[in-house]
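Student: Could you take me through one part of this model in detail, starting from a single residue and working outwards? I'd like to see the cut-offs behind each term as we go.

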Amino acid sequence: MDVRKELQNLPDVPDLQEGEVGKPHDKGYRKSLSNPKEFLHFLRKYVRADWTEKLEVSDLSLCDTKMLEKDYEGREADLIYKAPLPEHRDIFIFILQELQSTVDYTMIFRVVMYVVNTLLKHFLNTPKSEREKAGFRLPAMVPIVFYNGQDSWTAKKSLKEYQNCGDLFGDHILNLEYYLIDLSKIEEDYILSTNTVLDNIMYCDKFRKRMELAEAIRTTYKRIESLGAQEKEEFQNWVKYILASICGDRETVMEEILSWSGKGEDDMAFKYNIIKAFEDERAEGRAEGEAIGELQKVISLVRKKVSRGMSAKEIADILEEDINLILQICNALKSHPDWNDEQIRELLYHEPNCAG
């Protein structure tokens, strides 16, 4: 087979819609960042603050997110780590993952609520005799927002900016600022300058066009060859999540596509398999859509004929449809007289023998 020719002849496949691969991406980021080694790599490479150089992997302790108080909408943070800095002063670093297409303009207020509520809880849980000592200090709370949307993050990052006339009062006004990691602003070459599971996930996450995503997956599969067995498996599982979100939950298709990953001599074949799977899924979606449309059309016709007092058998004969289908539609119309055709179709489509 001439793979290049076949790939060129495939019909155009629409680009991925924002959110189409959002949920699987959540799993990949959360799993990687839950590894202290990956988390420290993330801090040093992407946060790039001086204090990150003082941390060691052994310092980082993943905490239960329930220790961080909820925001004003009752939501919990995604991850929180505890770490000691010099003089054994504890700090808490927490991440909010904005893995969605839209910018959350209330983010700074959410962050403030997390911090204030958590510090209040810590303060009240400390014995009064301890917290009233001259040397008592609250733990530092370090907020990080990680955003993977395609549009640049335009929300205010500091509480001072979020308040009217905040700049007029200098240091005499409550302020707080979060670290922002905006994936759309990070150059591809910079991401690829190191090779971890997280780097490879972030690199693939830069792409929403299907051809570009297929190429990015191929690129990262070459890179993970130098990683350990557990890291390889973690990344491969993430890729399966992504492909499954596009192609449907078809394990055999996933395995067939990924079997090309070991055949480094044929990049085009790997990409062909992915794009062909996209196209097959689109064709199946069209066929399913046609079946749904036909069922709703039949429901509309049956409704009219039932209103004229016709029996199920008479309707089946006139429409040349299976009597069992007509009986199911008649029963549904009788049980739900106030439902429209779409609601009846939704009910019947998931029942045996209705969708064809």
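Student: Does Cys-165 count as exposed or buried, and at what relative accessibility?

Tutor: Happy to! Cys-165 counts as exposed, at 51% relative accessibility (buried is under 20% relative accessible area, exposed over 50%, partly exposed in between, with a 1.4 Å probe and protein chains only). Before we go on, note that this is a predicted model, in which local features need pLDDT of at least 70 and side-chain atom pairs pLDDT 80 or more, while totals for chains, interfaces and linings use all residues. Numbering runs from 1 along each chain as its sequence is written, and side-chain values use heavy atoms, with hydrogens and water left out.

Cys-165 is found in the loop between helix H6 (159-162) and strand S5 (179-182) (helices are DSSP runs of H or I with at least four residues, strands runs of E with at least two, numbered from the N terminus). Its backbone deserves a look: phi of Cys-165 is positive, about 55°, although the residue is not a glycine. Most residues other than glycine have a negative phi. Arg-48 is also a residue other than glycine with a positive phi, near 55°. You will find Arg-48 in the loop between H3 and strand S1 (61-63), where a relative accessible area of 57% makes Arg-48 exposed.

From Arg-48 we can step back into helix H3, which is home to Phe-39. With a relative accessible area of 0%, Phe-39 is buried. Leaving aside residues up to four places away in sequence, Phe-39 touches Ser-32, Leu-33, Leu-60, Tyr-81, Ile-93 and Ile-95 (contact means heavy atoms within 4.5 Å). The C-alpha atoms of Phe-39 and Leu-198 are separated by 9.0 Å, and these two residues are 159 apart along the chain.

Next come the rings. There are 12 aromatic pairs in the structure (rings of Phe, Tyr and Trp, the last by its six-membered ring, pair if their centres lie within 6.5 Å; planes under 30 degrees apart are stacked, over 60 edge-to-face, the rest tilted). One of them joins Tyr-46 and Tyr-190: the ring centres are 6.1 Å apart and the planes meet at 85°, so the pair is edge-to-face. This pair links distant parts of the chain, since Tyr-46 belongs to helix H3 and Tyr-190 to helix H7 (residues 188-191), 144 residues apart. Tyr-46 is buried at 7% relative accessible area, whereas Tyr-190 is partly exposed at 28%. Ring pairs also draw in Tyr-29, Phe-42 and Phe-146, which form a cluster with Tyr-46 and Tyr-190.

Tyr-190 has a charged partner too: the charged end of Lys-45 sits over its ring, 5.2 Å from the centre (NZ of Lys or CZ of Arg must be within 6 Å of the ring centre and within 35 degrees of the ring normal).

Now zoom out for the setting. The secondary structure comes to 15 helices and 5 strands, and buried residues make up 43% of the 356 residues in the protein. Among contacts between residues at least 6 apart in sequence, 62% join residues at least 24 apart. The pair of Tyr-46 and Tyr-190, with its 144 residues of separation, is a nice place to begin exploring on screen.
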